[in-house]
Amino acid sequence: MPQLHEPRDLFTSAAADYARHRPGIPPEVVSLLADTMRDADRPVLLDLGSGTGQVPAALLPAVPRIDRVDLVDSGQDMLRQASAALEPLLGGRPAGFHPVAAEDFTAPFDGYRADLVTCARSFYWMDRSAVLKMADRVTAPEATVAIMGDGSLWTCWADWTAALKQLIQSYLGDERRAGTGGVYAGPGRRYEDDLAASPFNRVTEHRFPVRRVWTPAQVLGYLRSTSFARSDLFGDRHDRFEDEALELLERHSERGGLVEDAVFTVLLSRRPGGKA
């Protein structure tokens with residue numbers, strides 16, 4: 001099945017909302033990722049599909065030994081947001097910001113080797129086989145590749161998300177949009193199978209239940225950051241949509257809050273023979 005590649009403008013116009021309203025990385029996941037670097041003296045972090053830098057922002061305080069971070073995202077607006085967020089956390093440590101597709105990343109200097117490669121909520125949009133081949137070229141022998149995500153409010157099962165999804169569909173059609181250029185078709189095969197066919201075929205799965213409580217305003221901001229409900233999909237009807245969505249969300253919020261129960265899944269993959 002052909003891979004669906006991320007258009008360069010799919011999320012970038014919503015970078016500010018993305019930075020403000022996308023949920024961060026759960027503490028349990030931060031601890032799990034930090035532990036993968038326990039044997040590296042001066043670990044290097046390579047974050048793919050970085051968005052506004054949530055993964056490095058979570059890991060830098062947790063692992064002060066991190067010596068360098070590289071962020072890869074085809075959206076320059078995203079990387080500008082990430083640079084501003086990470087500057088106070090870096091403490092003078094080098095950071096690379098690479099405005100390219102993940103599969104096109106190349107080592108920034110001879111001898112570069114990443115100890116942890118992370119990909120949060122973005123693996124679907126990539127040429128996954130090419131990304132894993134790239135990772136094989138730029139990582140240390142004991143490196144870990146972490147593929148992770150937790151779905152979206154589109155996939156969340158709750159009364160309020162079902163009503164919100166129905167409202168979005170009344171404006172944009174039944175199929176889930178993927179920006180202005182198409183619809184979301186699903187990944188084609190499991191990420192575990194992508195990893196099994198790669199050099200990083202020693203895979204373990206870790207699942208962390210997460211409960212979030214949203215305000216109506218936070219949900220509207222989140223929607224503006226998504227590929228399925230960003231503002232330009234609605235054209236001149238966006239203000240009307242947000243008015244209806246706000247009324248819907250406020251009504252549901254009175255019934256006990258806007259609760260999202262999700263599962264944050266992390267696939268840790270290593271080359272055969274690597275340390276656990």
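Arg65 sits in the loop that links α3 to β2 (68–72). The model is a predicted one, and in it Arg65 comes out as partly exposed because its relative accessible area is 35%, a value between the 20% and 50% cut-offs. Leaving out residues up to four places away in sequence, Arg65 touches Met37, Arg38, Ala40, Asp41, Arg42 and Pro43. As for Gly96, 31 residues away along the chain, its C-alpha atom is separated from that of Arg65 by 17 Å.

Helix α3, on one side of that loop, has a packing partner in helix α4. Two packed helices are described by the angle between their axes and the distance between the axes. For α3 (residues 54–62) and α4 (residues 76–90), the angle is about 5° and the axes are 10 Å apart. The pair is therefore roughly parallel, since angles under 35 degrees fall in that class. On the α3 side, the contact is made by Pro56, Ala57, Leu60 and Pro61, and α4 brings in Leu86, Leu89 and Leu90. Sorted by class, that gives seven nonpolar residues, with no polar and no charged ones.

Now for the chain as a whole. The protein chain holds nine helices and seven strands. Its C-alpha trace spans about 55 × 40 × 30 Å along the principal axes. How does the radius of gyration square with a compact globule of 276 residues? The globule would come in near 19 Å and the protein chain has 19 Å, so the two agree. Buried residues account for 51% of the 276 residues. The accessible surface comes to about 12800 Å², and carbon and sulfur atoms own 49% of that. Taking the contacts with a separation of 6 or more, 84% come from residues 24 or more positions apart.

Helix α2 gives a view of the buried part. In α2 (residues 27–36), the buried residues are Val29, Val30, Leu32, Leu33, Ala34 and Thr36. What do they pack against? The partners are α3, β4 (114–120), β5 (139–149), β6 and β7, so with α3 in that list, the helix that packs on α4 also meets α2. Val29, a residue of α2, is counted as buried because its relative accessibility is 0%. Beyond its neighbours up to four places away in sequence, Val29 touches Met148, Phe208, Phe264 and Val266. Arg202 lies 173 residues from Val29 along the chain, and their C-alpha atoms are separated by 19 Å.

Helix α8 (residues 216–224) can be read the same way. Its buried residues are Pro216, Val219, Leu220, Gly221, Tyr222 and Leu223. These pack against three helices, α1 (15–21), α6 (159–172) and α9 (238–253), and against the strands β6 (202–214) and β7 (258–270). Strands β6 and β7 turn up in the list for α2 and again in the one for α8.

Helix α6, one of the partners of α8, also carries Gln166. Is Gln166 buried or exposed? Its relative accessibility is 57%, so Gln166 counts as exposed; the cut-off for that class is 50%. Gln166 and Arg121 are 45 residues apart along the chain, with 23 Å between their C-alpha atoms.

Arg121 itself belongs to the loop between β4 and α5 (128–138). What is notable about its backbone is phi, which is near 60°, a positive value in a residue other than glycine. With a relative accessibility of 21%, Arg121 counts as partly exposed, because buried would call for a value under 20%.

The helix after that loop, α5, contains Asp136. Asp136 has 33% relative accessibility and so counts as partly exposed. Setting aside neighbours within four places in sequence, Asp136 is in contact with Pro199, Phe200 and Arg271. Ala114 is 22 residues from Asp136 in sequence, and the C-alpha to C-alpha distance between the two is 9.8 Å.

How values were computed
Residues numbered from 1 in each chain as written. Predicted model: local features only at pLDDT ≥ 70, side-chain atom pairs only at ≥ 80, totals over all residues. Heavy atoms only, no water. Axes fitted to C-alpha atoms, helices over the stretch in contact; angles between N-to-C directions. Helix = DSSP H or I, 4+ residues; strand = E, 2+ residues; numbered from the N terminus. Parallel < 35°, antiparallel > 145°, perpendicular 65-115°, else oblique. Contact = heavy atoms within 4.5 Å. Nonpolar A, V, L, I, M, F, W, Y, C, P; charged D, E, K, R; others polar. Rg over C-alpha atoms; globule rule 2.2 N^0.38 Å. Buried < 20%, exposed > 50% of the residue type's maximum accessible area, 1.4 Å probe, protein only. Areas by Shrake-Rupley, 256 points an atom, 1.4 Å probe, with all protein chains shown as cover.
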